[in-house]
Amino acid sequence: MNLCSSSSSSRSRTWTKTLFLIPFIFQFSSPITAIRTDISFHTLPSCKTTVQGRYLLSDDNGYVCDALSVNSRSRCCPQSGEKFSCHGCNLLSQCCNSYEYCVSCCLNPSLISKERALKVKVAKPATAGTYASVFDYCAGRCRHSSESVVHENAYISDSHHCFSLPSNSSTGKNSTHVELIEARLNGINVVVGRQGESCNSVCKFRGQSCVPNKLVVLNHCDIIQKYMSCKGSCLASFGADQPAEVVDDAPKHLNPGSCFFTETQAILSCDGLHQHTRRLCPCA
């Protein structure tokens with residue numbers, strides 16, 4: 001028997017089977033459509049955070065969290081809590097008793113105008129720059145400043161973290177508003193009365209009379225805060241003795257040191273008085 005002939009015949013049959021199977025292999029195999037070139041590592045978003053507190057911090061998304069729960073890679077707070085939380089804040093005075101919640105509350109777009117915040121100067125000199133972001137504004141504004149202390153070493157009140165736009169901001173919007181109101185006070189002497197006095201008594205002591213229709217003009221926080229310290233707080237209240245400032249030794253529930261204005265202007269009266277307030281009076 002010829003071994004070479006047998007081997008050649010075997011190789012021929014094997015090759016024939018291989019050719020027969022090739023169409024089936026391509027038919028059932030997964031097609032290769034293209035080579036991916038857009039593969040990249042997933043990058044986590046990063047956050048700016050406050051660093052002042054020992055236990056809490058707030059991030060630039062508006063969340064407040066325990067310092068131990070912040071994401072170590074992104075530096076962001078968990079988004080399970082309340083966004084733009086104003087816990088411990090007075091929304092009228094825009095002052096809070098916590099730095100971190102002050103920043104969180106300040107970041108709420110409905111409370112602070114981004115356009116105005118970014119025009120506020122970081123410092124008073126004319127050469128000072130402006131804030132780069134709303135978070136930078138809030139983080140800077142909520143820190144203690146000369147506006148929140150008295151005698152340079154004592155806080156005016158427990159709520160000494162305030163994020164309101166300063167009256168001397170470069171926009172000039174607030175000062176223009178005050179000027180328009182004060183234009184209605186031409187010929188009027190604005191006088192701060194003594195504790196427990198009515199405006200009739202205050203003006204009479206000066207040899208003048210109280211002008212009732214000018215009480216409405218004085219019934220604005222911007223005007224009240226110009227003549228009274230208000231200790232960072234101007235609150236809506238109800239009383240004929242307003243606008244007024246609560247004396248420091250008043251009972252705690254009356255918010256000592258705060259200023260009051262009334263939203264019910266019809267009750268404003270030159271005769272109104274309260275044993276724990278000093279009135280702001282229009283005399284002529």
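Helices and strands are named here as DSSP runs, a helix having at least four residues and a strand at least two, with numbering from the N terminus. By that convention N255 is found in the loop between β10 and β11. The model is a predicted one, and the protein it describes has 8 helices and 12 strands. Of its 284 residues, 37% are buried. Among the contacts with a separation of 6 or more, those between residues 24 or more positions apart account for 61%. The protein exposes about 17500 Å², of which carbon and sulfur atoms supply 54%.

The description may begin with the helix pair α2 and α4. All of α2 is covered: 8 of its 8 residues are buried, so the helix is largely enclosed by the rest of the structure. These residues are Y99, E100, Y101, C102, V103, S104, C105 and C106, and thus polar side chains such as E100 and S104 are listed among the buried ones. The elements that cover them include β1, β2 (64-66), β3, β4, α4 and β7. Helix α4, residues 134-141, is mostly covered, with 6 of its 8 residues buried. V134, F135, Y137, C138, A139 and R141 are the residues concerned, and they pack against β1 (56-58), α2 (99-106), α3 (114-117) and β7 (161-162).

The two helices also meet each other directly. Their axes lie 9 Å apart at an angle of about 145°, and the crossing is right-handed. On the α2 side the contact involves Y99, V103 and C106, which meet F135, Y137, C138 and A139 of α4.

This pairing leads to the nonpolar interior. In soluble globular proteins, nonpolar side chains tend to be buried together. Here the largest nonpolar core has 20 residues, and V103, I112, Y137, C138 and F163 are those with the most contacts inside it. Two elements, α2 and α4, give two or more residues to this core. I112 is in contact with C106, A117, Y137, F163 and L165, when its neighbours within four places in sequence are left aside. Apart from this core lies another, of 16 residues, among them V211, I224, M228 and C230.

Two of the strands that cover α2, β3 and β4, are joined with β7 in a sheet. This open sheet of 3 strands has the order β3-β4-β7 and antiparallel pairing. Its edge strands are β3 (89-90) and β7, each of which pairs on one side only. Strand β4, residues 95-96, pairs with β7 over 2 bridges in the antiparallel sense, and C95 stands opposite C162 in β7.

A further open sheet has 5 strands in the order β8-β12-β10-β11-β9, with mixed pairing. The edges are formed by β8 (189-192) and β9, each pairing on one side only. From one strand to the next, the twist averages 25°. At one edge, β8 pairs with β12 (residues 277-283) in the antiparallel sense over 4 bridges, and V192 has L280 as its bridge partner. At the other edge, β9 (residues 234-237) and β11 pair in the parallel sense over 4 bridges, with C259 as the bridge partner of C234. Strand β11 is also joined by 2 bridges to β10 (residues 244-246), and these two strands run antiparallel. One such pair consists of A244 and F260. Both faces of β11 (residues 259-262) are covered: C259 and F261 are buried on one side, F260 and T262 on the other.

The loops contain several features of backbone geometry. Most residues other than glycine have a negative phi, and most peptide bonds are trans. Against that background, a cis peptide bond joins Q242 and P243, with omega about 5°. P243 has its place in the loop between β9 and β10. N255, in the loop introduced at the outset, has a positive phi near 60° although it is not glycine. Buried means under 20% relative accessible area and exposed over 50%; N255, at 34%, therefore counts as partly exposed. R75 likewise has a positive phi, near 65°, in a residue other than glycine, and lies in the loop between β2 and β3. With a relative accessible area of 36%, R75 is partly exposed as well.

Note on methods:
Residues are numbered from 1 along each chain as its sequence is written. This is a predicted model: local features need pLDDT of at least 70, side-chain atom pairs count only at pLDDT 80 or more; totals for chains, interfaces and linings use all residues. Side-chain values use heavy atoms; hydrogens and water are left out. Buried means under 20% relative accessible area, exposed over 50%, partly exposed in between (1.4 Å probe, protein chains only). Contact means heavy atoms within 4.5 Å. Two strands pair if DSSP finds at least two bridges between them. A nonpolar core is a set of buried Ala, Val, Leu, Ile, Met, Phe, Trp, Tyr and Cys residues joined through side-chain atoms within 4.5 Å. Accessible areas come from the Shrake-Rupley method with a 1.4 Å probe; for residues, only the protein chains shown count as cover. Axes are lines fitted to C-alpha atoms, for helices over the stretch in contact, and angles run from 0 to 180 degrees between N-to-C directions. A crossing is left-handed if the near helix is turned anticlockwise from the far one by less than a right angle, and right-handed if clockwise.
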